[in-house]
Amino acid sequence: MEGVKGHIFNPFSWSTRTIKVAFSAFFLIALPIYLYVGFQPTSHVEAVSYPLLEIPSINLSTSVEPLTIENHELIPPAITAGSYQRFENKIFIIGHASTVFQDLQRVQEGDFITYNNDTYQIFLLETLAKSDIDMSSIIGNTPTPIMIIMTCAGTPLPGQDATHRLLVYASKINP
């Protein structure tokens, strides 16, 4: 009986059918794990070179990817923020309310924001219907340096969208 137990663990003594079953079982378990791990978002190593956005009042610290307009749209990254800067004095930052900006509604006028080694102070919070957003004004030039952060607000819609937008306006306070 002892020789039989040792025989079970020796793959060179297995029948062809046993090898096929063991091989199939291994791949039925290993392949889904491999695919799951392989399709995970990239690590934060890529984001090291991106500027950092910090809002201490809501314990937010995130990298900010530069964005480009694609088909007349700015598409926010999945889990970080994205920035668009057409003019030197205006920085526009967007992100999903379900991920990176989940606590943005808690900021208040007077709170500080640090971005790319510059400090900004929030001077206006505004929630507008999505249809009332004037993007040319939001990304347009200003005489003084400001930042606008925008995320979804209001009633959720399909596709990580919502009926309204929360806009946070902050002016640069250091030279």
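# Reading the barrel and its pocket

Guide: Start with one pair: Glu54 faces Thr114, which sits in β5. This is a predicted model, so local features need pLDDT of at least 70 and side-chain atom pairs 80 or more, while totals for chains, interfaces and linings use all residues. Residues count from 1 along each chain as its sequence is written, and side-chain values use heavy atoms, without hydrogens or water.

Visitor: Which strands does that pair belong to, and how many bridges join them?

Guide: Strands are DSSP E runs of at least two residues, and helices are H or I runs of at least four, numbered from the N terminus. Two strands pair if DSSP finds at least two bridges. Here, β1 (residues 52-55) and β5 (residues 112-115) run antiparallel, joined by 2 bridges.

Visitor: In what order do the strands close into a barrel?

Guide: The 8 strands go β1-β2-β3-β4-β7-β8-β6-β5, with mixed pairing.

Visitor: Which residues stand opposite His164 in β8?

Guide: Ala129 does, and Ala153 is also a bridge partner of His164. Strand β6 (residues 118-129) meets β8 through 9 bridges, antiparallel. β7 and β8 share 10 bridges, also antiparallel. Their hairpin has 3 residues between the strands, and Gly159 there takes a positive phi near 75°.

Visitor: What lines the largest pocket?

Guide: A pocket is an open set of 1 Å grid points where a 1.4 Å probe fits, with protein on both sides within 12 Å along at least five of seven lines; lining residues have an atom within 4 Å of a point. This one has 21 lining residues; Glu73, Leu74, Pro76, Met150 and Arg165 lie nearest its centre. β7 gives the largest share, 3 residues.
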